[in-house]
Amino acid sequence: MVSGVQYGPVIRPGKLPDIDRGSTEDVAEADRAKEGERFAAAAAAVATRLRDRAAHATGVASEVLAATATLAQDRAWIGAAEKRIKEGVPAVRAVVGAVDQFVDLFTQLGGLMAERVTDLRDIGNRVIAELNGLPEPGVPLPEEPSILCAEDLAPADTAGLDPTLVVALATTLGGPTSHTAIIARQLGIPCVVAVSGLEDVAAGAMVLVDGTRGTVTVAPDRAAAREAVAEAERVAARTAHWSGPGATSDGHAVSILANVQDGAAARAARETPAEGIGLFRTELCFLNTDTEPTVAEQADIYAGVLEAFAGHKVVIRTLDAGSDKPLKFAGHSDEANPALGVRGIRIAERNPGLLTHQLEAIAAAAERTGQQPWVMAPMIATADEAERFAGQARSHGLIPGVMIEVPAAALLAERILEHVDFLSIGTNDLAQYTMAADRMSADLATLTDPWQPAVLALVAMTARAGAAAGKPVGVCGEAAADPLLACVLTGLGVTSLSAAAAAVQSVGAKLAQVSLQQCREAADAVLATASTADARATALAILG
Ligand code: PEP
Ligand code: MG
């Protein structure tokens, strides 16, 4: 979800017209080479157009378009289509077959790969349109500010959107990390994903999208909808003036930090009032790397992030490979249940060199930049694991902490704190493991909502352990990006909040409007609720 409120008429992306999805007649042997050339030219034209758009876009939009262009030329699915054409299958049917084949594969792989299904289907549709001499399918250009509703949005469509004309997004599908939400955040427009019943809303219908509450209301009362938009604009105006540092209205300090994945993101985060980096997801630097990067290569990357926040707190997380973030050089490929498998710190058990090399690289980057980074291990489940990690980190001169994202670790936070200097709560995984619900599943989004009182009870327990030990306890999961929830977390005793750079300002501004007493009252009240809807409403009543 991306916060903000908008009201307007619905538009829907153009579907590929009902064209011939490939005749059933095979192509004569003599014509197959020509059919292969026709396909190659169409795929190349689609990739070129996407690359051109990437060159004219900026930031995440440009990266998304470039990644889609690369997928359009990916040898695997292109090879599968060519093979079919060589066997006599007409080009359009070959594209349909090859795309279906890889959609099945990506779906089976799950996690991040499953999110590429929309990208691949989109590319298939573009190539088919090209083969039929039709314009590329995509988002229509609206005549007035409109709300784009779709089953799911292809990244290539969302990346090119004009936020003055498409003022909000809502989709039936899409997980919390889907491209739709990422692009919406960059465009600064509200977005709600995984909305049920959206398919029945016709183009032209008036809807109110509330990205803060995660709701889409069809045909709301016009005056009430306009007032909701105006109120959201007033909140946004107050937000724009906040410049840090993080504190409640009565001066209780809570550091507001940014989550980043590389030096570029860290430099972008430096443009916000973020006081440091609360989570550097190092594994995201190596998603496309086949072999373990050298210590020198790693040190360069880590130094880039440290330099961006010279003189400020930077928390580097060691590789959280596995499950939805598979790395070719780390982890276990054949697991029935990868979210419960060898991921995070567990990888170091079988491959201790990976962790040692990474700590060496972080220490080298620290020395080069004169910074004193904090390091933390993901997926810690026992005090023993924390003790071993802390020993290794200290032997490299680094300040050790661990992530609390497994309920076992929250329950025994007190014992874990005997070994480490800080804790950082990953609410995304903590919710997944507490509620026994896959964080990538749109169907289970209510269960994995960080407003779940059970998840917040574990946060409370962890924060209490930190206070008793006199050690900091931060939150670096998506929960920290929700301004209202950030106030509740503060009331639970959390000492820092780390979120996507785009959320930093709204979180800081909201916190500055409420007192510590209000935060504590809201925290107590929320812990006593029975559902996420109740929890939100209760917090809203106290925190405004
Ligand atoms: C989390 O689990 O909340 C977290 C911050 O880690 P990631 O989202 O990278 O798993
Ligand atoms: Mg996690």
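Cys487 has a relative accessible area of 0%, so this cysteine counts as buried (buried is under 20% relative accessible area, exposed over 50%, partly exposed in between, with a 1.4 Å probe and protein chains only). Cys487 is in no disulfide, and the sulfur of Cys519, its nearest cysteine sulfur, sits 4.8 Å away. A disulfide here is a pair of cysteine sulfur atoms within 2.5 Å, and the structure holds zero of them. Cys149 is buried too, at 0%, and its sulfur is too far for a bond because the closest cysteine sulfur, in Cys191, is 11 Å off.

A word on the ground rules: this is a predicted model, where local features need pLDDT of at least 70, side-chain atom pairs count only at pLDDT 80 or more, and totals for chains, interfaces and linings use all residues. Residues are numbered from 1 along each chain as its sequence is written, chains are lettered from A and ligands numbered from 1 in the order in which they are written, and side-chain values use heavy atoms, with hydrogens and water left out.

On to the metal. Glu405 (OE) and Asp429 (OD) coordinate the magnesium ion (ligand 2) at 2.0 to 2.2 Å; donors are N, O and S atoms within 2.8 Å of the metal (3.2 Å for Na, K and Ca), and with water not among the atoms, sites may look incomplete. Glu405 sits in the loop between strand 11 (399-404) and helix 15 (407-411), while Asp429 is in helix 17 (residues 427-435), 24 residues apart. Helices (H or I, at least four residues) and strands (E, at least two) are DSSP runs, numbered from the N terminus. Both Glu405 and Asp429 are buried.

Now the salt bridges, of which the structure holds 19. Each is a side-chain nitrogen of Lys or Arg within 4 Å of a carboxyl oxygen of Asp or Glu. Here are some of them:

| Acid | Base | N to O distance |
|---|---|---|
| Glu87 | Lys83 | 3.6 Å |
| Asp290 | Lys328 | 3.3 Å |
| Asp320 | Arg317 | 3.7 Å |

Asp290 lies in the loop between strand 8 (276-281) and helix 11 (295-308), and Lys328 in the loop between strand 9 (313-317) and helix 12 (347-350), so their bridge ties together parts that are 38 residues apart in sequence. Lys328 is exposed, at 61%. Asp320 and Arg317 are both buried. Shared partners join Glu283, Arg317, Asp320, Arg343, Asp429 and Arg439 into one network of salt bridges.
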